[in-house]
Amino acid sequence: MAFDGVTIANIVSELKKELIGGRLYKIAQPEEDELLLTIRQSTGQKRLLISAEASLPLIYLTETNKPSPMTAPNFCMLLRKHLQNGRITEIFQPGLERIVHIGIEHLNEMGDLCHKTLIIEIMGKHSNIIFCDEENVIIDSIKRVSAAVSSVREVLPGKPYFIANTQNKLDALHTDYESFCAALSAKPQPAYKAIYASFTGISPILAQELCYEGGVDGDRPTAAFTAKDYQNLYKVFDRMVTAVQEEHFTPNIAYTNGNPVEFCAFPLTMYGYGRESVTSPAAVSGDVTVAYDSMSSLLEHYYARKNTLTRIRQKSSDLRRIVQTALERDIKKYDLQLRQIKDTEKRDQYRIYGELLNTYGYDAQPGAKSLEALNYYTNETITIPLDPTLTATDNAKLYFDKYRKLKRTYEALSELTREVKEEIDHLESVQTALDIALYEEDLAQIKDELTESGYIRKKSYGKKQKITSKPFHYISSDGFHMYVGKNNYQNDELTFKFAQGNDWWFHAKQIPGSHVIVKSENAEELPDRTFEEAARLAAYYSKGREQEKVEIDYVQKKHVKKPNGGKPGFVVYYTNFSMAIDSDISGIPLAETEK
């Protein structure tokens, strides 16, 4: 799953065909470290997404637009000032480096033709988008890097741009047989490791594929190689280099059990899977290698969900911190209250002592420190401790006072403990909703819930954001519609406003999770397979999704009630069925509107 130099070469090949000659129509910066360029071509508009996000840097063509902030960031304003309506003249990649240069010509304020370069570095946490003039001097960058951050290279306005050579790797595009053999033999380690450690732009997965195609065991040390091994491996390596130079790419993803595991710009034959082409990744099932028309569409399919989750994780950090802080406070409070309740466990014993002293106190001798008496509740003889300075009656009164005090404490703590436990359950359900959230609209609804619950201060000004988040919508294998709430508000809406009495309701047993509603469509009985698929959805969208099995309660909606004063998403039911099931939902298709 490496965004390596060969993948970049595939992207550059596509960008040259689609973008050269086009004009920059719009420049947007939807995220702090992301650009979305709209380019006008004679064939129509193209969108180029460039992300320098540390955990998921990307560059690919997309048809998806993204909302931009009301006020454009400074870097975006700078690019608009220089490049708006500029024409793309060249796009190239130096060697097989994970770097893309986009050359742009434009007219300055005086009407003179100028040339600028936008440099995209796809290098993990060091990823950046750098804007340079025609002298290769940095004008600015989306991430500024000072000497205090990097001793290798400063990325600051006015500094010269250069590629830092920190790995001492060879350029695969200009490597002959002798250099190839010398590089590998100098690294007496497994062959695939020696390949990606020796040559720029080759990832471990591509190195393993080269070894497989060359008939060489990738885990075999190069020190054990024969001349024939080197010849076979170089033959495949040279074929790969020629394909890159001639821009002959076949982007594909290897799926295992319907889940994408690896991608590459060339066929991944080492998996031994059959190959096919699909129009939607949702249609993929089983073990198969899927070919894509372009690397851009592959990357969008492969990384779309991961990129969305990464962004949402960042945007939800404030909400997560609020929930976690409140949850830690309530858990400490709850533990303290439980210890205090435990201290009240002797209250009934004190009451019994008092009653027995009132009954048998005449047997107590003056100054006695204890009294043995028959406990008529258990028909056992017990020893009652006494204060020798008090009479039996006064001792009884003392025990009754202790009893009443502990009873009051117990009753107060029981109510407080119940309230705190409900708060803990509520906050844990919000945590689960934050884990489920995919879009900003989902976070807006969760924020509203936290505001209504008093965890976030309510603002008395500003226009309230319109909520457009909707529950997940799945279709069972038997054609029944299944809906999954993304948060507590949606859970209430689904269960008490959307569902009918004979619809089926599913929820993970005694753990936070989504309400799942299966529309019965007036069917007398749902198929067993639909019950199992709905239960898997309830397991997956719950706090227990990582468990091997999750116990799921299910019942017809008419048996589910909302307790008076219950928190959002909380229900009661007194009769139900249960099943233990895994949380694998890979074979359950989303409705078309969800894709």
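This is a short talk through a few spots in the structure above: a sheet, a histidine on one of its strands, some cysteines and a helix.

Okay, hi everyone. Before anything else, keep in mind that this is a predicted model.

Let's start with the sheet. It's an open one, six strands, and if you walk across it you go β16, β17, β19, β18, β20, β21, with antiparallel pairing. Which strands stand at the edges? Those are β16 and β21, the latter being residues 577-581. Each has a single partner strand, so one side of each is left without a neighbour in the sheet. On average, and ignoring direction, neighbouring strands here are turned by 25° against each other.

Now go inside the sheet, to β18 and β20. β18 covers residues 504-508 and β20 covers 550-556, and the two pair antiparallel over five bridges. If you want one pair to click on, take His507: its bridge partner in β20 is Asp553.

Back to the edge, then, and to another histidine. β16 runs over residues 472-475, and His473 sits in that strand. So, is His473 buried or exposed? Buried: its relative accessible area is 13%, and the cut-off for calling a residue buried is under 20%. As for what its side chain touches, there are two polar contacts to look at. One goes to the side chain of His481, at 2.7 Å. The other goes to the side chain of Tyr483, at 3.4 Å.

Next, cysteines, since somebody always asks. How many disulfides does a search of the whole structure find? Zero. Take Cys114: it's in no disulfide, and the nearest cysteine sulfur, the one in Cys132, is 15 Å away. Cys114 also counts as buried, at 12% relative accessibility.

Cys264 tells a similar story. Why no bond there? Because the closest cysteine sulfur, in Cys211, is 13 Å from the sulfur of Cys264, and that's too far; a disulfide needs the two sulfurs within 2.5 Å. Cys264 is buried as well, with a relative accessible area of 4%.

Cys211 takes us to the last stop, helix α5, residues 204-213. Cys211 is one of the buried residues of that helix, along with Ile205, Leu206, Ala207, Glu209 and Leu210. Notice there's a glutamate, Glu209, in that buried set. As a reminder, an α-helix has 3.6 residues a turn, so residues three or four places apart point the same way. After α5 comes Gly215, and its phi is positive, near 70°.

That's my tour, thanks.

Definitions and conventions:
Residues are numbered from 1 along each chain as its sequence is written. This is a predicted model: local features need pLDDT of at least 70, side-chain atom pairs count only at pLDDT 80 or more; totals for chains, interfaces and linings use all residues. Side-chain values use heavy atoms; hydrogens and water are left out. Helices (H or I, at least four residues) and strands (E, at least two) are DSSP runs, numbered from the N terminus. Buried means under 20% relative accessible area, exposed over 50%, partly exposed in between (1.4 Å probe, protein chains only). A polar contact is a pair of N or O atoms within 3.5 Å; within protein, one must be able to donate a hydrogen and the other to accept it, and residues adjacent in sequence count only if both atoms are side-chain atoms. Two strands pair if DSSP finds at least two bridges between them. Axes are lines fitted to C-alpha atoms, for helices over the stretch in contact, and angles run from 0 to 180 degrees between N-to-C directions.
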